[in-house]
Amino acid sequence: MDEIDRKILRVLTRDGRISNLELSGQVGLSPSACLRRVQELERSGVIAGYRAVLDPAKNGVGFTAYVTVGLNTHTKSAQEAFEQAIAAAPEVRECHNITGAWEYLLRIEAADLAAYKAFHTEVLGTVPQVSAITSYVVMASPKDERV
């Protein structure tokens, strides 16, 4: 990876739908050379995919929380069971196994506080491996590079 590849990645991160002609102009390559580099970045897995960025509010999401979760046992089977339960929950947009005082950090999206409470009680609260739940409600996101 050289500086031109890093330029290509910066531009594509901002606009994954940019045309190859525009991209080549921004990074200072011919269109054919730029296309070859992008294809190589895709083939090698540096570019893992492209996706649409959705507006949460226009998709019925008005509530976001980060949730730390502690497990009652620290075994591989407990982690696998928890992860399987969480994978089935559409409200969980991210699940990270972390170090520190808790085992997991989740990003939860729900329609509103009532929908989050239902998820907290009826989904997360019923997973047998869970021993502790702490919620951090997002009030604003002054920087969010997923958007």
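## Charges in the chain

The chain carries 16 positive and 18 negative charges, and the mean positions of these two groups lie 6 Å apart. Keep in mind as you look around that this is a predicted model.

## Elements and overall form

Five helices and four strands make up the elements of the chain. If you start at the N terminus and follow them along, the order is α-α-α-β-α-β-β-α-β.

How does the chain sit in space? Its C-alpha trace spans about 55 × 35 × 25 Å along the principal axes. The radius of gyration is 20 Å, whereas a compact globule of 147 residues would have one near 15 Å.

## Surface and contacts

About 9800 Å² of the chain is exposed, and carbon and sulfur atoms supply 54% of that area. Of the 147 residues, 28% count as buried.

Contacts also link parts of the sequence that lie well apart: among contacts with a separation of 6 or more, 62% are between residues 24 or more positions apart.

## A closer look at Arg-107

Let us now visit one residue, Arg-107, which you can find in strand β3 (residues 104–110). Is Arg-107 buried or exposed? Its relative accessible area is 6%, so Arg-107 is buried, the cut-off being under 20%.

Which side chains make polar contacts with the side chain of Arg-107? One is that of Glu-94, at 2.8 Å, and another is that of Glu-109, at 2.5 Å. Leaving aside residues up to four places away in sequence, Arg-107 touches Thr-64, Ala-65, Tyr-66, Glu-91, Val-92, Arg-93, Glu-94 and Arg-146. Glu-94 thus appears both among these neighbours and as a polar partner of Arg-107.

How values were computed: Residues are numbered from 1 along each chain as its sequence is written. This is a predicted model: local features need pLDDT of at least 70, side-chain atom pairs count only at pLDDT 80 or more; totals for chains, interfaces and linings use all residues. Side-chain values use heavy atoms; hydrogens and water are left out. Helices (H or I, at least four residues) and strands (E, at least two) are DSSP runs, numbered from the N terminus. The radius of gyration is taken over C-alpha atoms; the globule rule is 2.2 Å times the number of residues to the power 0.38. Buried means under 20% relative accessible area, exposed over 50%, partly exposed in between (1.4 Å probe, protein chains only). Contact means heavy atoms within 4.5 Å. Accessible areas come from the Shrake-Rupley method with a 1.4 Å probe; for residues, only the protein chains shown count as cover. Lys and Arg count as positive and Asp and Glu as negative; His and the chain ends are not counted. The place of a charge is taken as NZ of Lys, CZ of Arg, CG of Asp or CD of Glu. A polar contact is a pair of N or O atoms within 3.5 Å; within protein, one must be able to donate a hydrogen and the other to accept it, and residues adjacent in sequence count only if both atoms are side-chain atoms.
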